[in-house]
Amino acid sequence: DYVCRREAPSVAAIVSPGAPPGSFQKAFFGKREVAIPVYSSTAAAAAAHPHADVFINFASFRSAFASSWEATQVPTIRTIVIIAEGVPERQTKQLIAEAAAKNKRIIGPATVGGVQAGAFKIG
């Protein structure tokens with residue numbers, strides 16, 4: 001975000017199951033330190049940040065399906081990016097079908113992200 005010359009970070013929240021209420025993660029945005037809120041569920045993060053519409057999933061292949069499926073159930077999330085490699089083909093097909101039925105997009109699994117000049121950079 002900083003390298004793209006955004007005025008503010010585009011990361012709205014971090015989801016970490018079991019995170020205590022009111023948690024945050026410190027990160028640097030250029031020379032400035034920012035606090036990114038941490039939530040224990042995707043639903044809680046989406047409720048607190050309804051404008052966030054991209055879910056980037058850094059979970060391992062063991063939990064990528066469950067957390068990505070949870071993201072497909074959140075109405076405000078439009079795009080789900082799955083970084084994990086090794087997600088079983090059957091589960092991938094289930095995610096793609098669920099996303100299509102809800103007019104959402106899946107990027108991945110096993111992706112390093114995506115770039116479109118002047119528009120976005122994810123992953």
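Okay, a definition to start: a salt bridge is a side-chain nitrogen of Lys or Arg within 4 Å of a carboxyl oxygen of Asp or Glu. Glutamate 89 and lysine 93 fit that, with their side chains meeting at 3.2 Å, N to O. Keep in mind that this is a predicted model.

Where do glutamate 89 and lysine 93 sit? Both are in helix α3, residues 89-101, and they're four residues apart, about one turn of the helix. Glutamate 89 is exposed, at 56% relative accessible area, and lysine 93 counts as exposed too, at 53%.

So how many salt bridges turn up in a search of the whole structure? Three. Why can such pairs form at all? Side chains of opposite charge can pair when their charged atoms come close.

Next up, arginine 78 and aspartate 53, whose side chains meet at 3.0 Å, N to O. This pair ties together distant parts of the chain, 25 residues apart. Arginine 78 is in the loop between α2 (61-72) and β5 (79-82), while aspartate 53 is in the loop between α1 (42-48) and β4 (54-57). Arginine 78 counts as exposed, with 52% relative accessibility. Aspartate 53 has 24%, and since buried means under 20% and exposed over 50%, that makes aspartate 53 partly exposed.

Last pair: lysine 102 and glutamate 98, with a salt bridge at 3.1 Å, N to O. Is glutamate 98 buried or exposed? Buried, because its relative accessible area is 17% and the cut-off for buried is under 20%. Its partner, lysine 102, is partly exposed at 35%.

Note on methods:
Residues are numbered from 1 along each chain as its sequence is written. This is a predicted model: local features need pLDDT of at least 70, side-chain atom pairs count only at pLDDT 80 or more; totals for chains, interfaces and linings use all residues. Side-chain values use heavy atoms; hydrogens and water are left out. Helices (H or I, at least four residues) and strands (E, at least two) are DSSP runs, numbered from the N terminus. Buried means under 20% relative accessible area, exposed over 50%, partly exposed in between (1.4 Å probe, protein chains only).
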